[in-house]
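Dear colleague,

Please find below the structure that I am handing over to you, followed by a summary of what was found in it.

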Amino acid sequence: MCELSSQSRDAIVLTVTQTGFHDSSMTQKSRKSAWSERKKARTEYYFLGKPVCADIIAYLHCIGSCTLKKLVCHFRSTHL
């Protein structure tokens, strides 16, 4: 996978990686009844059905953590 072009690798990472996005813009705090705007979106990564951290996903796909963050940001903005 390391010998692929960066565009091909990015496409494969987006299609193969199972992620869980929490896209709602509002969240309810556990001890307060007031709703508040979500400050940071949370992303969960899965590999072979098991939850893993972002560093493991980046390592498995031979990309850097910054590249993975940029891919996630691109996916969130375009939903492609």
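The accessible surface of the protein amounts to about 6,200 Å², and carbon and sulfur atoms account for 57% of that area. Please note that the model is a predicted one. Of the 80 residues in the protein, 16% count as buried.

Regarding the fold, the protein contains three helices and five strands. Along the sequence, these elements follow the pattern α-β-β-β-β-β-α-α. Among the contacts with a separation of 6 or more, 46% join residues that lie 24 or more positions apart.

The interior may be described next. In soluble globular proteins, nonpolar side chains tend to be buried together. The largest nonpolar core here has eight residues in all, namely Val13, Tyr45, Ile57, Ala58, Ile63, Leu68, Leu71 and Val72. Two elements, H2 and H3, each give two or more residues to this core. The largest share comes from H3, which provides three residues.

Two members of the core deserve a separate word. Val13 is located in helix H1, which spans residues 6-16. Val13 counts as buried because its relative accessibility is 2%, where the cut-off for burial is under 20%. Between Val13 and Cys62 there are 9.8 Å in space, C-alpha to C-alpha, although the two are 49 residues apart in sequence. As for Ala58, once its neighbours within four places in sequence are set aside, its contacts are Ile63, Gly64, Ser65 and Leu68. Of these contacts, Ile63 and Leu68 are also listed in the largest nonpolar core.

I turn now to the pocket. The largest pocket holds about 250 Å³ of space. It is lined by 13 residues, and those closest to its centre are Thr43, Tyr45, Ala54, Lys69 and Val72. Strand E4 (43-47), helix H2 (54-60) and helix H3 (65-78) are the elements that give two or more residues to the lining. Helix H3 gives the most, with six residues. By class, the lining comprises six nonpolar, two polar and five charged residues.

The core and the pocket share some of their residues. Tyr45 and Val72 belong to the largest nonpolar core, and both are also among the residues closest to the centre of the largest pocket. Helix H3 likewise appears in both places, giving the largest share of the core and the most residues to the pocket lining.

Yours sincerely

Definitions and conventions: Residues are numbered from 1 along each chain as its sequence is written. This is a predicted model: local features need pLDDT of at least 70, side-chain atom pairs count only at pLDDT 80 or more; totals for chains, interfaces and linings use all residues. Side-chain values use heavy atoms; hydrogens and water are left out. On a 1 Å grid over the protein atoms alone, a cavity is a set of points where a 1.4 Å probe fits but cannot get out, and a pocket is an open set with protein on both sides within 12 Å along at least five of seven lines; lining residues have an atom within 4 Å of a point. Grid points are joined across faces, edges and corners, and a volume is the space filled by probe spheres set on the points. Helices (H or I, at least four residues) and strands (E, at least two) are DSSP runs, numbered from the N terminus. Ala, Val, Leu, Ile, Met, Phe, Trp, Tyr, Cys and Pro count as nonpolar, Asp, Glu, Lys and Arg as charged, and the others, Gly among them, as polar. Buried means under 20% relative accessible area, exposed over 50%, partly exposed in between (1.4 Å probe, protein chains only). Contact means heavy atoms within 4.5 Å. Accessible areas come from the Shrake-Rupley method with a 1.4 Å probe; for residues, only the protein chains shown count as cover. A nonpolar core is a set of buried Ala, Val, Leu, Ile, Met, Phe, Trp, Tyr and Cys residues joined through side-chain atoms within 4.5 Å.
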